[in-house]
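Colleague: I would like to understand how the terms used for a protein model are earned, step by step. Could we look at one together and set each value against its cut-off?

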Amino acid sequence: MPLIELQNVSKIYRLGNQEIPALTGVSLTFEAGEFAVLAGPSGSGKTTALNLIGCLDHPTSGQVVVNGLDLGTASKRALADFRLQNIGFIFQSYNLIPVLTAAENAEFTLMLQKIPKPERRAKVRKLFVDLGIDGLENRRPADLSGGQQQRVAIARAMAADPHVILADEPTANLDSHTAEELLELMRRLNREKGTTFIFSSHDDRVIAQARRVIHLQDGCLADDVTISK
């Protein structure tokens, strides 16, 4: 069974009396351990696809199944619990909580999972070493560079050992050097831990690193290419 399956998925947003199709009849599967990118220009539907996989939105029609759960038939509570246990998110704007330290931000998912404080502190400490941000645990987001904030966001996403990490335009606010470093870091985490990464991006740097490139155009699947690397 694939880790993720989209079957003839469409999503229509309504603005007043106007219907705006974001996805139209998209069918995709992802196996565990993939390092894939949903590529395409703004408005192509790639962020919508990520939101559907991440239980943040519902399809208008079609079926989305992640790790055996049909997201369209699950209750809101079941989806929230499933998201907490199975999915990590890396956002373009980092989405760190300003009043929390870097370590507290990275521990946030573990805290929601009610992991004991000593255990989550130890786990985050190791992640910070692996990510090259050890020593920054007590800084707040405002005192971190963009690259450091994104590393904290990656630590938060990785902390709970999710089945899949969804990254929405993760390099958009980063300079070329920092973006390349973070992409290599995520490639290493994918290789060493087997974590599935799915990106949405129109950044050529991200597309060049992916082992699978899925092009969306006007909400439709335009191309799906697996690259041997």
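Modeller: What follows is a conversation about the surface, the spaces inside and a few loop residues of this model, which is a predicted one.

Colleague: Why is Tyr13 called partly exposed?

Modeller: The relative accessibility of Tyr13 is 32%, and the term partly exposed covers the range between under 20%, which is buried, and over 50%, which is exposed. Because 32% falls in that range, Tyr13 counts as partly exposed. As for its place in the chain, Tyr13 belongs to strand E1, which covers residues 4-15.

Colleague: What makes Tyr13, Leu15 and Ile20 a patch, and of what kind is it?

Modeller: These three residues form a nonpolar patch on the surface, and together they have about 270 Å² of accessible area. A residue of a patch needs over 30% relative accessible area, and Tyr13, at 32%, therefore passes that cut-off.

Colleague: Which residues lie nearest the centre of the largest pocket?

Modeller: They are Leu84, Ile87, Phe89, Thr109 and Leu112, out of 18 residues that line this pocket, and the volume of the pocket is about 440 Å³. At least two lining residues come from each of helix H2 (76-86), strand E6 (87-90), helix H3 (102-112) and helix H5 (146-159), with H3 giving the largest share, 4 residues.

Colleague: How do the residues of that lining divide by class?

Modeller: There are 12 nonpolar, 4 polar and 2 charged residues in the lining of the largest pocket.

Colleague: How many cavities of 30 Å³ or more are found in the whole structure?

Modeller: The search finds 1 cavity of that kind, and about 30 Å³ of space lies in the largest cavity. What sets the two terms apart is that a probe placed in a cavity cannot get out, whereas a pocket is open. Leu52, Asp57, Pro59, Gln63, Val64, Leu71 and Gly72 line the largest cavity, and by class they are 4 nonpolar, 2 polar and 1 charged.

Colleague: What is noted about the phi of Asn67, and where in the chain does Asn67 lie?

Modeller: Asn67 has a positive phi of about 50°, although it is not a glycine, and its place is the loop between strand E4 (61-66) and strand E5 (69-70). Asn67 has 36% relative accessibility, so it counts as partly exposed.

Colleague: Why is Lys114 called exposed?

Modeller: Exposed means over 50% relative accessible area, and because the relative accessibility of Lys114 is 73%, the term applies. Lys114 also has a positive phi, near 65°, in a residue other than glycine, and it sits in the loop between H3 and helix H4 (117-130).

Colleague: How do you know that Asn138 is exposed?

Modeller: The relative accessible area of Asn138 is 67%, which is over the 50% cut-off, and therefore Asn138 is exposed. Asn138 is part of the loop between H4 and H5, and although 38 residues separate it from Leu100 in sequence, their C-alpha atoms are 8.7 Å apart in space.

Colleague: Why does Ser176 count as partly exposed?

Modeller: Ser176 has 48% relative accessibility, and since exposed needs over 50% and buried needs under 20%, the conclusion is that Ser176 is partly exposed. Ser176 lies in helix H6, residues 176-193, and its C-alpha atom is separated by 8.4 Å from that of Arg205, which is 29 residues away along the chain.

Methods. Residues numbered from 1 in each chain as written. Predicted model: local features only at pLDDT ≥ 70, side-chain atom pairs only at ≥ 80, totals over all residues. Heavy atoms only, no water. Patch = residues over 30% accessible without salt bridge, like charges linked within 9 Å, V, L, I, M, F, W, Y side chains within 5 Å. Areas by Shrake-Rupley, 256 points an atom, 1.4 Å probe, with all protein chains shown as cover. Salt bridge = Lys/Arg side-chain N within 4 Å of Asp/Glu carboxyl O. Buried < 20%, exposed > 50% of the residue type's maximum accessible area, 1.4 Å probe, protein only. 1 Å grid on protein atoms, 1.4 Å probe; cavity = no way out; pocket = protein on both sides within 12 Å on 5 of 7 lines; lining within 4 Å. Points joined across faces, edges and corners; volume = space filled by probe spheres on them. Nonpolar A, V, L, I, M, F, W, Y, C, P; charged D, E, K, R; others polar.
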